Amino acid sequence: MNSLVQKLPDNDNKRKWIAVGITVAISILLTLLGIYFYRDYGIALFILTPFFMGACPAILYGSKKQINKIEAWKIAFLSLVVFTIGLLFFAIEGLICIAMAAPIAILFNWIGSLIGYFIVSKTGKSSFVVILVLFSAIPTTAFIEKGIKPELTSVVTSIEIEADLSVVWKNVVEFPELSDPNEFIFKTGIAYPINAKIKGTGVGAIRYCNFTTGSFVEPITVWDQPNLLAFDVLEQPAPMKEVSFWDIDAPHLHDYFVSRKGQFKLTKLPNGNTLLEGTTWYYHNIKPAAYWKGWSNYIVHKIHERVLNHIKQNAENLAE
């Protein structure tokens, strides 16, 4: 690695682009290894890789000149931008998932640039030990993360409906086609519900909640008319259709966001109205969980709201 520094050109502009090129090439190779070999979307990808793209170019670029924090951040961010363009161009990822990951990626890219700046400013030379440690840490972390089991999460959304329990129940079991969404989130490719159909009655009946990407197949496990309808999720479609120049079928679109079960609970209120609660239990194999749970919970809530508002409108129209 020291010989690599000696071969870096003295010209600032050339050395900058070589530092960016080396960093991006290594980062894309590690990303492909993590996604397609380890099948991991986690800390290695969303934290360590942006961190590496912050520290590595700052160290390489600052190996032959004094740099400040702004210069370190600029070359780090440039590496992240080129890396992102590479993900899009080679159809590794789509625009929406990249946008969702951007806040955490930019944060750790910036932190990495500070570490890179600190190393070259304090030692007066590059420290390839840091580069090698980060390089090794990314696939090692991906390997370790692969064995961590995800936790089941529940999301509850409720709405008050000016209609009797029995009227609301009929619209919960199945409902006609919804109008096109106005919410921006559903215009980005995120799947949203279209209608719901059911075959049979009672426990064992199969409910089909149809989304823009396919159908959730939901065997009924509790049929407590008109108070509770609960179901498992036997099959589910892709959670979204990526926005890209190409037709992308990224691994995270399959078995990384998994809905396990759901229910609709109806409660009669003192004023004669009905409180309708929709609950979804899910898990996802994407980390860090605390960050991605925020996105997942928000999207599930928006899906719930779309369905519950539709049920409310239909039930109240029938109750008039």
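Guide: Helices (H or I, at least four residues) and strands (E, at least two) are DSSP runs, numbered from the N terminus. The model is predicted.

Visitor: Where is Pro 226 placed, given the cis bond from Gln 225?

Guide: The peptide bond that runs from Gln 225 to Pro 226 has omega near 0°, which is the cis form. Pro 226 is found in the loop between strand S4 (214-224) and strand S5 (228-232).

Visitor: Which peptide bond is cis, with omega near 0°, ahead of the proline in the loop between S7 and H8?

Guide: The loop between strand S7 (274-284) and H8 holds Pro 288. Omega is near 0° for the cis peptide bond from Lys 287 to Pro 288.

Visitor: In what order do the seven strands of the open sheet stand?

Guide: The pairing in this open sheet is antiparallel. Strand S1 (153-161) and S2 each have a single partner strand, so they stand at the edges and one side of each lacks a neighbour in the sheet. Neighbouring strands are turned against each other by 25° on average, direction ignored. The order is S1-S7-S6-S5-S4-S3-S2.

Visitor: Which residue of S3 is the bridge partner of Ala 196?

Guide: Strand S2 (residues 193-199) and S3 run antiparallel and are joined by six bridges. Within this pair, Pro 193 stands opposite Phe 211. The partner of Ala 196 in S3 is Cys 209.

Visitor: Which residue of S4 is the bridge partner of Phe 211?

Guide: S3 and S4 are also antiparallel, with six bridges, and a hairpin of two residues joins them. Cys 209 stands opposite Phe 216 in S4. For Phe 211 the partner in S4 is Gly 214.

Visitor: What phi does Gly 200 take in the hairpin of S2 and S3?

Guide: This hairpin has six residues between its strands. Gly 200 has a positive phi, near 100°.

Visitor: At about what angle does H8 run to S1?

Guide: Two helices lie across strands of the sheet, H7 and H8. Helix H7 (residues 165-173) lies across S1, S2, S3, S4, S5, strand S6 (257-268) and S7, and runs at about 165° to S6. H8 lies across S1, S2, S3, S6 and S7, and its angle to S1 is about 25°.

Visitor: Which helix supplies the largest share of the largest nonpolar core?

Guide: The largest nonpolar core has 61 residues, of which Tyr 41, Phe 46 and Ile 131 touch the most other members. Its suppliers of at least two residues include helix H2 (12-37), helix H3 (43-61), helix H4 (69-89), strand S3 (206-211) and helix H8 (289-319). The largest share, 14 residues, is that of H3.

Visitor: How many residues does the other core have, the one with Ile 161 and Leu 165?

Guide: This core lies apart from the largest one. Among its members are Ile 161, Leu 165, Ala 196 and Ala 205, and its size is 24 residues.

Visitor: How far apart are the end C-alpha atoms of H2?

Guide: H2 has 26 residues, which at 1.5 Å a residue should span 38 Å. The distance between its end C-alpha atoms agrees with this, at 37 Å.

Visitor: What covers the buried residues of H2?

Guide: The buried residues of H2 include Ala 19, Thr 23, Ser 27, Leu 30 and Gly 34. An α-helix has 3.6 residues a turn, so residues three or four places apart point the same way. The cover of the buried residues of H2 includes H3, H4 and H6.

Visitor: Is Arg 39 buried or partly exposed?

Guide: Arg 39 is in the loop between H2 and H3, and its phi is near 55°, positive although the residue is not glycine. Buried requires under 20% relative accessible area, and exposed over 50%. At 41%, Arg 39 is therefore partly exposed.

Visitor: What is the relative accessible area of Ala 91?

Guide: Ala 91, in the loop between H4 and H5, has a positive phi of about 60° without being a glycine. Ala 91 counts as partly exposed because its relative accessible area is 27%.

Visitor: How many disulfides does the structure hold?

Guide: Cys 56 is buried, at 3% relative accessible area. Cys 97 is also buried, at 15%. A disulfide needs a pair of cysteine sulfur atoms within 2.5 Å. The number of disulfides in the structure is zero.

Notes:
Residues are numbered from 1 along each chain as its sequence is written. This is a predicted model: local features need pLDDT of at least 70, side-chain atom pairs count only at pLDDT 80 or more; totals for chains, interfaces and linings use all residues. Side-chain values use heavy atoms; hydrogens and water are left out. A nonpolar core is a set of buried Ala, Val, Leu, Ile, Met, Phe, Trp, Tyr and Cys residues joined through side-chain atoms within 4.5 Å. Buried means under 20% relative accessible area, exposed over 50%, partly exposed in between (1.4 Å probe, protein chains only). The expected span of a helix is 1.5 Å times one less than its number of residues. Contact means heavy atoms within 4.5 Å. Two strands pair if DSSP finds at least two bridges between them. Axes are lines fitted to C-alpha atoms, for helices over the stretch in contact, and angles run from 0 to 180 degrees between N-to-C directions.
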